[in-house]
Amino acid sequence: MYPFGWVGLLSDTPPISEELIYVNSARGFALCSQRSRTRSRYYLQVPLTDKVEEWTDDAFWQELRLRLDDKASEQLITGSSIEKSIAPLRSFVAEPLRFGRLFLAGDAGHIVPPTGAKGLNLAATDVKLLSSALIEHYRDHSAAGIDHYSEQCLRRIWRAERFSWWFTALTHRFEDEATIGAKLQRAELDYLLHSEAGLRTLAENYVGLPLDFGSSSWI
């Protein structure tokens, strides 16, 4: 569990940009995303002690503007919220993902911080692998797929957990800005902004590694 969460606001307003905007400001993390060309979703890093009732629409938009750069702030179109909530950030993995005849998939088996946008992708991969294994079991009378389901999924899950943990640590503000952790965070950001190799690594993990990445003979 992280010492902060996200307050999110959904609005029928056009997005600032066609691309996601991640913000690491002195006031905390912010994320600008789109649901469609006319609907946007925004997030702000807040303490876990905050209550969603404390975040009026006006308070949310005002704080978001303070965290954006001048260009993005000018392009921001505000409006009434459709939905608003506060979500804690946490990591969780059940290991193994099989207990006898019980198979875990999606959030039942693992939770990642939403920073890396991996939750739904991991769940869909679980379902794909488990459905193929069950089809193989009943059609071909082979237990190879279900016997390897947990191991196969967990290798991908832990890679996503690592990336989500790293990206969360990179983009969020922590309480003590004078610690070595804060200095290392700024050094990491400086490296990524000036390294093609670093940016490629970020993009590769963010888009998603291939299903057969680092595969063994049975995958």
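**Exercise 1. The surroundings of alanine 87**

Classify alanine 87 by its relative accessibility, and state which residues it touches beyond its sequence neighbours.

*Solution.*
Step 1. In this predicted model, alanine 87 has a relative accessibility of 36%. Buried means under 20% and exposed over 50%, so alanine 87 counts as partly exposed.
Step 2. The residue belongs to strand E5.
Step 3. When residues up to four places away in sequence are left out, alanine 87 touches Gly5 and Trp6.
Step 4. A C-alpha separation can be added to these contacts: phenylalanine 4 stands 83 residues from alanine 87 along the chain, and their C-alpha atoms are separated by 9.0 Å.

**Exercise 2. A salt bridge that involves strand E5**

Determine which residue forms a salt bridge with lysine 84, and which elements the pair links.

*Solution.*
Step 1. The partner of lysine 84 is aspartate 57, and the closest N and O atoms are 2.6 Å apart.
Step 2. Aspartate 57 lies in helix H1 and lysine 84 in strand E5 (residues 81-88); with their positions 27 residues apart, the pair links distant parts of the chain.
Step 3. The two partners fall into separate accessibility classes: aspartate 57 is buried at 19%, whereas lysine 84 is partly exposed at 21%. The cut-off for buried is under 20%.

**Exercise 3. A network of salt bridges around glutamate 63**

Identify the salt-bridge partners of glutamate 63 and explain what each pairing connects.

*Solution.*
Step 1. The structure holds 9 salt bridges. One of them joins glutamate 63 to arginine 27, with 2.8 Å between the closest N and O atoms.
Step 2. Glutamate 63 is in helix H1 (residues 57-67), while arginine 27 is in the loop between strand E2 (21-25) and strand E3 (28-34); the pair therefore ties together parts that are 36 residues apart in sequence.
Step 3. The side chain of glutamate 63 also meets that of arginine 67 in a salt bridge, at 2.8 Å from N to O. These two residues are 4 residues apart in helix H1, and so are separated by about one helical turn.
Step 4. Because the salt bridges share partners, Arg27, Glu63 and Arg67 join into one network.
Step 5. Accessibility varies among the members. Glutamate 63 is buried at 10% and arginine 67 is buried at 7%, but arginine 27 is partly exposed at 47%.

**Exercise 4. Cysteines and disulfides**

State how many disulfides the structure contains, and decide whether cysteines 32 and 153 are buried or exposed.

*Solution.*
Step 1. A search of the whole structure finds 0 disulfides.
Step 2. Cysteine 32 has a relative accessible area of 3% and is buried.
Step 3. Cysteine 153, with a relative accessible area of 1%, is likewise buried.

**Exercise 5. The second largest cavity**

Give the volume of the second largest cavity and describe the composition of its lining.

*Solution.*
Step 1. Searching the whole structure for cavities of 30 Å³ or more yields 2. The volume of the second largest is about 30 Å³.
Step 2. Its lining consists of Pro15, Ile16, Ser17, Glu19, Ile21, Cys32, Ser33 and Tyr42. Cys32, a lining residue, is the buried cysteine from the previous exercise.
Step 3. Sorted by residue class, the lining has 5 nonpolar, 2 polar and 1 charged.

**Exercise 6. Backbone geometry in three loops**

Locate the cis peptide bond before proline 96 and the positive phi values of alanine 117 and histidine 141.

*Solution.*
Step 1. As background, most peptide bonds are trans, and most residues other than glycine have a negative phi.
Step 2. The bond from glutamate 95 to proline 96 is cis, with omega near 5 degrees. Proline 96 is placed in the loop between strand E6 (92-93) and strand E7 (98-99).
Step 3. Alanine 117 is not a glycine, yet its phi is positive, at about 55 degrees. Its place is the loop between strand E9 (110-111) and helix H3 (119-140), and its relative accessibility of 41% makes it partly exposed.
Step 4. Histidine 141 also has a positive phi, near 55 degrees. This histidine is in the loop between H3 and helix H4 (144-171), and is exposed, with a relative accessible area of 71%.

Methods. Residues numbered from 1 in each chain as written. Predicted model: local features only at pLDDT ≥ 70, side-chain atom pairs only at ≥ 80, totals over all residues. Heavy atoms only, no water. 1 Å grid on protein atoms, 1.4 Å probe; cavity = no way out; pocket = protein on both sides within 12 Å on 5 of 7 lines; lining within 4 Å. Points joined across faces, edges and corners; volume = space filled by probe spheres on them. Nonpolar A, V, L, I, M, F, W, Y, C, P; charged D, E, K, R; others polar. Disulfide = S-S within 2.5 Å. Buried < 20%, exposed > 50% of the residue type's maximum accessible area, 1.4 Å probe, protein only. Salt bridge = Lys/Arg side-chain N within 4 Å of Asp/Glu carboxyl O. Contact = heavy atoms within 4.5 Å.
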